[in-house]
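This report reads through a structural model from its annotated spans to its side-chain details. Please keep the sequence and the coordinates at hand while reading.

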Amino acid sequence: MRTLCASTLIGEFFVIGFAGLVAMKDPDLTQATVWTVCGVSMLLSVLLCGMLSRPGAVQLGWALQIGLIASGFFVPTMFFLGAVFAGLWWCSVHYGRKIDSIKERWAAAQEAPGASATSGAPDTA
């Protein structure tokens with residue numbers, strides 16, 4: 001799960017940065033507003049990426065996604081991006097857990113007595 005979640009957070013970092021550059025062209029928004037919203041979001045994405053192995057990281061990830069959606073009140077583009085990233089976060093958590101359980105079953109099968117040490121391939125020697 002950590003790999004998928006980390007990939008999502010790093011993707012968020014880059015997309016939010018590029019979205020900030022696009023949002024600065026909006027005459028209704030100031031540079032300070034755009035870079036405050038985008039900069040904080042980018043910083044939190046990277047920090048959370050480093051905390052994924054700690055308890056509560058998934059919940060913090062959800063808080064970040066909700067914060068991204070809420071930041072749409074300041075930079076309207078973030079409503080859309082926040083919703084997309086919340087969907088990606090859900091997929092990362094959901095499918096990441098499935099992948100982790102498959103890995104655990106595979107590792108348990110490899111450790112079982114009589115299992116081949118060559119990752120399940122038949123011994124041809």
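The paragraphs below take up the annotated spans, a helix and its cover, a few individual residues, the cysteines and the aromatic pairs.

The model is predicted, and every value here should be read with that in mind. An unreviewed UniProt entry carries the annotation "transmembrane region" for residues 34-52 and 64-90. Over residues 34-52 the chain is 89% helix and 0% strand, with the end C-alpha atoms 27 Å apart. Residues 64-90, for their part, are 78% helix and 0% strand, and their end C-alpha atoms lie 12 Å apart.

Helix α4 takes in residues 77-111, which is 35 residues, and its first and last C-alpha atoms are 50 Å apart, close to the 51 Å expected at 1.5 Å a residue. Which residues of α4 are buried? They are Met78, Leu81, Gly82, Phe85, Ala86, Trp89, Ser92, Val93 and Gly96. The spacing of such a list can be read against a general property of helices: an α-helix has 3.6 residues a turn, so residues three or four places apart point the same way. The cover over the buried residues of α4 includes α1 (2-23), α2 (31-50) and α3 (57-70).

Two further residues help to place these helices. Serine 41 sits in helix α2 and counts as buried, because its relative accessibility is 7%, under the 20% cut-off. Leaving aside residues up to four places away in sequence, serine 41 touches Ile16, Leu64, Leu68 and Met78, and Met78 is itself one of the buried residues of α4. Alanine 70, by comparison, belongs to helix α3 and is partly exposed, with a relative accessible area of 35%. Between alanine 70 and alanine 83 there are 9.9 Å from C-alpha to C-alpha, at a separation of 13 residues in sequence.

How many disulfides does a search of the whole structure find? The search finds 0. Cysteine 38 is in no disulfide, and the nearest cysteine sulfur, which belongs to cysteine 49, is 19 Å away; cysteine 38 is also buried, at 1% relative accessibility. Why does cysteine 91 form no bond with the closest cysteine sulfur? That sulfur, in cysteine 5, is 11 Å away and therefore too far for a bond, given that a disulfide calls for sulfur atoms within 2.5 Å. Unlike the buried cysteine 38, cysteine 91 is partly exposed, with 31% relative accessibility.

The structure holds 3 aromatic pairs, and two of them are set out in the table.

| Pair | Centre to centre | Angle between planes | Geometry |
|---|---|---|---|
| Phenylalanine 13 and phenylalanine 14 | 5.2 Å | 85 degrees | edge-to-face |
| Phenylalanine 73 and phenylalanine 79 | 5.1 Å | 80 degrees | edge-to-face |

Both angles are read as edge-to-face because planes over 60 degrees apart fall in that class. As for accessibility, phenylalanine 13 is partly exposed, with a relative accessible area of 25%, and phenylalanine 14 is likewise partly exposed, at 45%. In the other pair, phenylalanine 73 counts as exposed at 68% relative accessibility, whereas phenylalanine 79 is partly exposed at 35%.

Notes: Residues numbered from 1 in each chain as written. Predicted model: local features only at pLDDT ≥ 70, side-chain atom pairs only at ≥ 80, totals over all residues. Heavy atoms only, no water. UniProt positions renumbered as here; feature names shortened; annotations may be inferred. Helix = DSSP H or I, 4+ residues; strand = E, 2+ residues; numbered from the N terminus. Buried < 20%, exposed > 50% of the residue type's maximum accessible area, 1.4 Å probe, protein only. Expected span 1.5 Å × (residues − 1). Contact = heavy atoms within 4.5 Å. Phe/Tyr/Trp six-rings, centres within 6.5 Å; stacked < 30°, edge-to-face > 60°.
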